[in-house]
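Here are my notes on the side-chain contacts, as promised. Have the model open while you read.

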Amino acid sequence: MESSPTSGISGARLALLGVVAMSIMAPVTLPVPILRSLVSERFEVSELLTSLFMSVNMVGAAISAPFAGALADRFGRRRPLIVAALAFDAVCFLAMTAPISFGLFLAIRFVEGCAHIFALSLLLSIAAGLVPSERRGLVMGITGAGMMLGVALGAPIGGLLGRADVLRPLFAGSVLLVTAALLAAATLREPAEVEERPGLAAIGQAIRANRALALPLLFSFADRFTVGFYTTTFSLFASGLHGATPPRVGLWISAFMLPFALLSFPFGMLADRYSKTALMCGGSLVYGLFTASLGFWPTEFITIGMAATGVSAAVMFVPSMLMTADLAPPAIRSTALGAFNTAGSLGFILGPLCGGLVSESVRAEHGPAAGYQAAFIVAGASVILCVGVTLPFLLRLRRTGRTT
């Protein structure tokens with residue numbers, strides 16, 4: 001196997017890093033096309049409580065992500081922690097197939113979110129530290145593409161499996177997570193050691209001294225906030241308003257996620273050479289406009305519209321991760337990427353809940369179509385607002401040479 005002279009890491013190992021990321025993320029969307037039957041009908045709960053299934057694991061993720069990053073920065077060992085977290089995540093997926101109460105079901109989902117984001121945060125930390133900063137877009141692009149490809153493949157596979165048995169996607173998720181744990185144990189390589197091993201107080205002080213990290217974290221929040229609408233509100237919108245079957249819902253979500261996944265790698269490489277600020281803000285504006293208009297699309301336009309939205313999402317995804325790694329000192333990079341995931345998790349917590357609240361409240365007065373339209377307008381406007389708030393600060397960082 002040949003290694004790039006600038007990266008010192010083989011192409012095969014880079015590809016396996018993407019495969020690990022894909023195996024970690026596919027279970028996230030396996031249940032999405034069958035939300036109605038898996039949660040609403042199985043436990044006889046409302047659409048709002050069904051949305052809570054997609055939010056409660058992000059509550060766990062928001063708590064777990066910074067802890068994972070700080071632990072890795074303090075002790076320097078990431079691979080064993082990733083393997084243990086993935087194995088535990090697999091057990092959680094299996095436990096959710098048991099005949100249990102809705103309360104216990106949500107409690108397991110919460111713990112599953114802790115384990116999942118713990119593993120993902122540390123995987124991103126490994127990816128960000130494997131190569132010098134000028135080559136980071138390549139590695140983070142491959143990792144991001146693997147993540148999004150997993151999310152893209154999970155939805156249609158979950159729809160197909162769920163058509164025969166609503167619990168099959170959960171069983172499949174458990175198998176995938178065990179596979180991810182085995183792959184991680186066999187293939188992941190720790191980055192070069194950082195000499196300084198800061199304590200928790202020093203980590204907190206370093207974060208306070210690098211407040212510019214808040215800017216890419218805001219994009220992470222806005223991105224996952226809208227993805228929360230796509231994984232929950234869109235599923236209910238597609239099945240309830242357009243009469244889509246679970247496989248059709250999975251197909252539409254994959255039409256969004258596949259371009260997102262496949263283009264994350266080339267846009268990651270572009271971010272090594274061109275302006276991260278331009279990619280992040282330009283992509284976000286187009287993405288926000290597509291999202292805001294989604295509720296008005298006719299059924300025959302949904303496939304192509306979702307694909308176009310996925311392209312715009314890919315433009316801004318990897319540059320925001322790269323900017324986080326750029327702005328963080330090496331000694332707290334795991335913590336910073338954990339914070340990036342925490343911001344995203346907070347967005348994912350609020351996204352499904354906001355989508356459910358807006359759609360239900362507007363539906364009560366104006367009907368289901370208006371409810372879903374209002375929800376997606378809120379989602380799209382949040383991304384556009386994020387650009388408007390952060391752009392002056394990002395341009396200042398560009399002028400001082402802290403980012404591109």
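The points below go through some aromatic and charged contacts, one at a time.

1. A reminder before the details: this is a predicted model. Everything below should be read as computed from that model.

2. Let's take the aromatics to begin with. A search of the structure turns up 18 aromatic pairs. One of the pairs is Phe 221 with Phe 225: the ring centres are 6.0 Å apart and the planes sit at 15°, so this one is stacked. With planes under 30 degrees apart counting as stacked, the label follows from the angle of 15°.

3. Where do Phe 221 and Phe 225 sit along the chain? Both belong to helix α9, which covers residues 214-241, and they are 4 residues apart, so about one helical turn separates them. Their surroundings are worth a look too. Phe 221 has 28% relative accessibility and therefore counts as partly exposed, whereas Phe 225 is buried at 9%.

4. Phe 225 has another ring partner, Phe 229, with centres 5.2 Å apart and planes at 65°, so I'd call that pair edge-to-face. Again the spacing is 4 residues within helix α9, or about one helical turn. Phe 229 is buried, with a relative accessible area of 0%. So Phe 225 takes part in a stacked pair with Phe 221 and an edge-to-face pair with Phe 229.

5. Now for Arg 109, which shows up in two kinds of contact. It lies over the face of Phe 53, at 4.0 Å from the ring centre. Arg 109 also forms a salt bridge with Glu 112, where the closest N and O atoms are 3.1 Å apart. Arg 109 and Glu 112 are 3 residues apart in helix α5 (residues 102-129), about one turn of the helix.

6. Is the Arg 109 side of that salt bridge buried or exposed? Arg 109 is buried, with 2% relative accessible area. Glu 112 is buried as well, at 3%.

7. How many salt bridges does the whole structure hold? The search finds 2. Besides Glu 112 with Arg 109, there is Asp 326 with Lys 276, whose closest N and O atoms are 3.0 Å apart. Asp 326 comes from helix α12 (residues 302-327) and Lys 276 from helix α11 (residues 276-293), so this salt bridge ties together parts that are 50 residues apart in sequence.

8. On accessibility, the two partners in that bridge fall into separate classes: Asp 326 counts as partly exposed at 26%, while Lys 276 is buried at 7%.

Technical notes: Residues numbered from 1 in each chain as written. Predicted model: local features only at pLDDT ≥ 70, side-chain atom pairs only at ≥ 80, totals over all residues. Heavy atoms only, no water. Phe/Tyr/Trp six-rings, centres within 6.5 Å; stacked < 30°, edge-to-face > 60°. Helix = DSSP H or I, 4+ residues; strand = E, 2+ residues; numbered from the N terminus. Buried < 20%, exposed > 50% of the residue type's maximum accessible area, 1.4 Å probe, protein only. Lys NZ or Arg CZ within 6 Å of the ring centre and 35° of its normal. Salt bridge = Lys/Arg side-chain N within 4 Å of Asp/Glu carboxyl O.
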